[in-house]
Structures are given as structure tokens and as C-alpha cells.
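Student: Got a minute to go through a model with me? I'd like to talk about charges, the interface and pockets.
Tutor: Sure, put it up and ask away.

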Amino acid sequence: MIDIKLRKKQGAFKINAEFKSGVTGVTALFGQSGAGKTSVINMIAGLDIPDSGYIRVNQNPLFDAQKHINLPPQKRKIGYVFQDGRLFPHLTVKQNLSYGMRLVSQQERYVMFDPVISLLGISHLLSRLPRKLSGGEKQRVAIGRALLTSPSLLLMDEPLSSLDHLRKKEVMPFISRLSKEFSIPIIYVSHSLDEVLNLADHIVLMDEGNVIAAGSIDAIVNRSDLFSLMGGQDCGSIISATVETDNDAYGLTHLRFPGGVIKVPRLAVSKGSTVRIRIPVRSVSISLVKPADTSIQNIFSGVIEEISLPDSTFSDIRINIGVPLFSRITRLSQEKLCLTPGKTVFAMVKSIAVTNGSND
Amino acid sequence: MNYFSFSPVELEALRLSLWVSFWALFISLPPGIIIAWILARMEFPGKSILNGMIHLPLVLPPVVIGYLLLVVMGRKGLIGSILYEYLGFSVAFTWKGAALASAVMAFPLLVRAIKLSIDNVDPGLENAARTLGAGPMRVFFTITLPLMIPGIITGMILAFARSLGEFGATITFVSNIQGETQTLPLALYTLMQVPNGETGAMRLCLISILIAMAALVCSQRLEKRFPGYVKG
């Protein structure tokens with residue numbers, strides 16, 4: 001259980017963060033660049049000192065301004081995976097991995113060397129120096145190094161942001177297996193919605209130093225008041241769905257969700273599993289009659305619930321098709337079709353635009 | 001003319017030079033690392049004054065430094081008199097004084113090179129070590145210090161070479177006593193003052209060049225053993 005309340009003034013920038021999160025699972029600390037995410041986890045790690053508040057992990061106070069408690073970083077038992085890896089350049093991979101592990105007594109170790117090495121697939125790298133590693137390998141070693149200190153909480157600061165697309169795909173599966181296999185709570189800082197959707201169970205939404213909302217992903221992501229904070233037009237509707245057919249004769253994956261079945265280009269998922277997909281607002285168009293003879297496979301009928309105007313050119317339409325689905329059309333189209341709340345419409349989703357985080 | 005058979009006086013000067021330079025380096029390395037670290041990592045009032053004092057020997061005439069050392073560390077000096085009275089110990093007109101003079105003169109070069117290497121150590125690596133459970137001392141000895149080694153070696157070579165060449169402060173502070181304070185440059189100077197001393201002077205000149213070259217090659221060899229650390 002992580003229980004955090006902290007305030008810190010950095011020049012004109014004020015951080016005011018308060019949230020709780022569960023015993024296990026991944027909590028995403030999500031927000032645009034400059035929202036104060038890294039500052040918050042630096043304070044959790046003890047690398048920075050809050051002005052006031054408290055930080056508790058499993059009821060242990062790591063910091064409490066009122067009780068004058070402030071454990072130094074080395075006493076906090078918190079693993080930290082930095083954005084840039086920060087492997088020690090003068091030590092081999094093996095020495096990097098065991099640097100923190102050796103400082104933990106045998107009785108307190110619950111993460112063992114061999115399982116971590118095999119989970120991360122780094123056994124062939126042990127004798128190398130960090131500069132001989134690729135970006136993805138470095139990040140995997142950095143994850144292993146933090147994990148091997150048997151921490152009670154693992155902090156990850158955008159561990160994938162310095163990697164290219166292929167490397168991301170290489171590291172992502174390891175992270176999603178981590179919290180399950182070692183039952184460590186993870187706080188995962190990111191500004192990429194797709195990463196968050198793919199990895200996290202809970203989300204803490206930050207903006208300009210403040211925590212705006214916190215809760216389970218499904219509850220937070222479809223709140224229209226948080227729409228712009230979730231990335232605005234880059235965002236979309238987030239839908240949880242179960243895999244009905246993973247690969248049909250046309251190479252499509254069929255996903256069942258409360259609004260029906262959506263067909264998308266093949267995803268790397270197995271039948272029966274649950275995935276979160278993201279439907280970008282711009283790839284949803286609207287028709288008043290049920291379209292026939294169209295290339296679009298995914299057509300859902302629903303009732304318009306809300307129309308918001310992000311600017312003078314566009315209209316964001318929220319349609320209830322069993323779950324909320326957002327569509328962005330021009331204000332001209334909206335007025336031509338006389339779209340108003342309460343009206344029943346048909347929403348058409350382009351299959352090719354749907355993503356599930358791992359294929360952005 | 002024989003450039004290869006050294007007279008006993010010349011050999012004594014060579015031995016003394018190496019001895020004095022070694023001790024100059026030995027006594028200045030620990031404080032050099034500490035002061036370089038303070039200058040690189042700490043902020044405090046009066047930092048620029050400390051910085052200025054460390055660098056004074058670089059800009060003052062060496063004779064002035066020698067004179068100041070005499071005033072402070074001489075047998076009747078501020079600190080020297082106390083040392084002599086209570087410990088019966090004096091550095092004035094001994095090889096220890098020559099080593100002290102060399103150490104003071106070489107100190108700024110040593111500190112500058114080491115400070116530069118500390119500036120190049122990413123504090124992020126030190127923070128990473130903290131989160132892995134290492135206290136400040138362990139971080140210094142396992143992360144900061146090993147990453148400083150190329151700079152420390154460079155500083156040591158520079159300081160050693162500077163010590164070998166020390167003349168002004170040494171002759172002012174501890175005079176030119178054969179077998180005690182007459183180092184290579186002093187012996188060379190003395191030989192130039194006497195008739196028929198040219199051959200000896202040339203021998204000492206050549207040996208100076210040889211030692212300097214050896215020191216440079218040595219430093220390059222050593223630095224190669226510590227491959228350019230890239231940010232990990």
C-alpha cells in the first residue's frame with residue numbers, strides 16, 4: 001500500500017500530489033512533460049525532499065514532515081529505474097546487477113539473481129561493460145539491478161522513452177510480467193498513453209504539478225472532463241475488450257466489448273485474454289443512416305450524450321454505444337447533420353487506426 | 001665530452017629530485033582530492049577565496065611562494081617555530097622543505113585536473129547508487145573515485161613533472177645544499193656558474209628531458225588502461 005501526500009515549491013512551480021495505490025500492480029503516473037511526475041518520484045525515492053506531507057509504503061513512514069522523519073535514499077528500500085538507465089560505466093553488467101543486491105541481507109532478499117536474469121534475458125551479457133550494450137539491453141539491466149535490491153516498491157521513470165519502437169516492444173513485455181511474477185508494486189511514470197494502457201492497472205493523472213485524478217484506468221480514461229489532459233486529440237476512446245478470435249482468415253483479431261464486436265488488424269494477443277484498445281477520435285466518423293456498401297467494418301449505433309467544442313473548427317461528440325466512444329468531426333459537419341445530444345447515430349471506426357499500446 | 005658518465009654530484013641531484021617529487025606528490029594527493037571534491041561539489045561562502053588561494057602558486061612568482069614558506073614554515077616562522085619547539089622538527093633547509101615547496105607549487109595543477117574529473121562524474125550515477133542502498137562514503141569509494149581515476153592520473157603526472165622542475169620556491173625556501181636540497185634544476189644552475197661545467201649541465205638537461213618524456217608516456221599508457229567512460 002502506497003500512501004502519498006506531498007507539497008514542494010520549486011521556484012514558481014508548485015507540486016501538490018496526493019494519492020494512494022494498491023499493494024501490487026502497476027500504477028501509472030501519467031501527465032504531459034513538465035507535469036511534475038519525475039519530481040514526485042524523486043521525492044518518493046528520497047533524492048529530493050518535500051516541503052511538507054508524508055510518504056508511506058506499507059504503513060512505513062519514509063518521510064513525514066510533522067514527525068521529522070526523512071529516511072535517506074539508501075534506507076528506503078525503493079528500486080528506481082531511471083529514464084537514462086544510469087548503469088555504472090566502470091562496472092560489468094554482472095557487477096552492476098549485484099551492486100545493490102550485495103547490500104541486502106540474505107533474509108531480506110526475496111528476488112533472486114537467476115530468475116531475474118532469465119526473465120530479462122540478459123544472461124549472455126553478464127561479462128560486458130555497459131557501453132557495449134544496446135539501448136534496450138541497458139534498460140533491461142537497469143530494471144534487473146533495481147529489482148535485485150528486493151525493493152518494497154519499484155519506481156520507473158519513463159524507462160522506454162529513450163528507446164526506439166522496436167526496442168520498446170522488446171522491453172515492454174518484461175515490465176508487464178515484473179509486477180505479476182515478483183508481486184512488487186510499481187509506479188510507472190509515462191507520458192505515453194499507449195504504454196500506460198498496456199501496462200498499468202491504476203492511473204494517477206498529473207497536470208502542472210497537481211494530481212488531477214487517481215483511480216482504476218477504466219474509470220479514469222473515459223471521463224470527458226479529463227479528455228484534454230489525457231492527450232486531447234491524440235487520445236481517443238479507451239475500451240476494454242476480450243479476444244474472441246485472435247486471427248481470422250483475413251488476419252483480423254475480433255474483440256468483444258459491451259458495444260458488440262470490433263475487428264482490428266491482428267494483435268499479438270491470445271484468445272480469451274483481456275486487452276485495452278484505443279480508438280483515436282479522428283478515426284471515428286458519424287452517419288445518420290446505417291451505412292451499407294462501405295469499406296468500414298466496424299459500425300456501432302448509439303446515442304449522442306455530449307458535444308463539446310475544443311475550438312471553433314471541431315466538435316467532439318461522445319456517443320454511448322454501450323461504452324463511451326469519442327468522435328471528432330468538423331463543426332460544419334455537426335451542424336449539417338443537426339447532431340445534438342439524444343440523437344441516435346451510427347459511428348464508423350476504421351480498423352486500421354485502432355491500437356492496443358504495443359503497436360503504436 | 002661524455003654525456004653518459006654521471007658525476008656523483010649529478011647522480012645525487014637526480015636521486016634527490018625523484019625522491020623530493022615523490023614525497024611532494026604523496027603528501028599533496030589526499031588533500032588534493034578532498035579540496036577538488038569540495039570545490040566541485042560544495043557551495044559555501046568564501047568558496048572563491050579558497051579557490052583563489054589554491055591557485056595563487058600558479059600566478060605568483062615562485063620566489064614569493066618560497067619567501068612566504070620561509071616566513072610561515074621556517075624555524076622562526078609562524079608554524080615552523082611551533083613545530084620546532086614542541087616536536088623538534090623543522091623542514092627548513094632539508095629535503096622535506098624542498099618537498100613541501102614542490103608540493104605547494106604543484107598543488108593547483110593537481111587540484112585542477114582532479115576537479116575536472118569530478119565535474120565529469122554524472123551526479124545521476126551517484127543518486128542511482130544511493131537508491132541501490134549505498135551510503136555516501138560507499139558511493140564515493142565505489143562510484144565517484146573509480147570514475148575520477150583518469151583525472152587523478154593526469155593530475156599526478158602534471159604535479160610530478162612540475163615538482164621535478166621546481167626551482168624558485170625551493171632555492172628561496174631551503175637554499176641550494178648539495179645532497180640535501182640541491183635537486184636537478186638547482187644542480188644544473190650551479191654547474192652553469194662554474195668553469196667547465198657545461199658538459200655536466202648538458203647531461204642534466206638531457207636527463208630532465210628523458211624523465212619528462214617517460215612521465216608523459218607513462219601517463220598515456222595508464223590512461224589507456226581506463227577506457228573513456230561513456231555515460232552508461
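Student: So, how many salt bridges does a search of the whole structure find over all chains?
Tutor: The search finds 19 over all chains. Keep in mind that this is a predicted model.

Student: Can you give me one to look at? Which side chain does A:Arg56 meet in a salt bridge?
Tutor: That of A:Asp3, at 3.8 Å from N to O. The two residues sit 53 apart in chain A, with A:Arg56 in strand β4 (residues 52-57) and A:Asp3 in strand β1 (residues 2-10), so the pair links distant parts of the chain.

Student: And why would side chains pair up like that?
Tutor: Because side chains of opposite charge can pair when their charged atoms come close.

Student: OK, the interface now. How many salt bridges does the rule find across the interface of chain A and chain B?
Tutor: Zero. What the rule does find across that interface is four residue pairs in polar contact, both residues at pLDDT 80 or more.

Student: Which elements of chain A supply at least two residues each to the side that touches chain B?
Tutor: They are β7 (78-81), α2 (93-101) and α4 (135-147) of chain A. α4(A) gives the most, with three residues.

Student: How does that side divide by residue class?
Tutor: On the side of chain A that touches chain B you have 14 nonpolar, five polar and five charged residues.

Student: And how much area do chain A and chain B bury between them?
Tutor: About 2,100 Å², with 66% of it on carbon and sulfur atoms. Within chain A, the residues that lose the most area to chain B are A:Gln74, A:His90 and A:Tyr99, and together they make up 29% of what that side buries. As for contacts, 24 residues of chain A are in contact with 24 residues of chain B.

Student: Let's switch to chain B. How many helices and strands are there?
Tutor: Chain B has 10 helices and zero strands. Its C-alpha atoms fill a box of roughly 70 × 45 × 30 Å along the principal axes.

Student: Pockets next. What volume does the largest pocket have?
Tutor: About 530 Å³. It is lined by 17 residues, and the closest to its centre are B:Met53, B:Pro57, B:Ile65, B:Leu69 and B:Val104.

Student: Which elements give two or more residues to that lining?
Tutor: In chain B, they are α1 (8-41), α2 (47-59), α3 (62-73) and α5 (95-119). The largest share of the lining, five residues, comes from α3(B).

Student: How many nonpolar, polar and charged residues are in the lining of the largest pocket?
Tutor: The lining has 16 nonpolar residues, one polar and no charged.

Student: And the second largest pocket, how much space lies in there?
Tutor: About 370 Å³. Of the 16 residues lining the second largest pocket, B:Trp37, B:Glu126, B:Pro136, B:Phe140 and B:Thr144 are the closest to its centre.

Student: Which helix supplies the largest share of that lining?
Tutor: α7(B), with seven residues. At least two residues each come from α1, α6 (123-131) and α7 (136-164) of chain B.

Student: What's the class breakdown for the second largest pocket?
Tutor: Its lining has 11 nonpolar, two polar and three charged residues. Set beside that, the lining of the largest pocket has no charged residues.

Technical notes
Residues are numbered from 1 along each chain as its sequence is written. Chains are lettered from A and ligands numbered from 1 in the order in which they are written. Side-chain values use heavy atoms; hydrogens and water are left out. On a 1 Å grid over the protein atoms alone, a cavity is a set of points where a 1.4 Å probe fits but cannot get out, and a pocket is an open set with protein on both sides within 12 Å along at least five of seven lines; lining residues have an atom within 4 Å of a point. Grid points are joined across faces, edges and corners, and a volume is the space filled by probe spheres set on the points. Helices (H or I, at least four residues) and strands (E, at least two) are DSSP runs, numbered from the N terminus. Ala, Val, Leu, Ile, Met, Phe, Trp, Tyr, Cys and Pro count as nonpolar, Asp, Glu, Lys and Arg as charged, and the others, Gly among them, as polar. Contact means heavy atoms within 4.5 Å. Buried area is the accessible area (1.4 Å probe) that two parts lose on being put together, summed over both. A salt bridge is a side-chain nitrogen of Lys or Arg within 4 Å of a carboxyl oxygen of Asp or Glu. A polar contact is a pair of N or O atoms within 3.5 Å; within protein, one must be able to donate a hydrogen and the other to accept it, and residues adjacent in sequence count only if both atoms are side-chain atoms.
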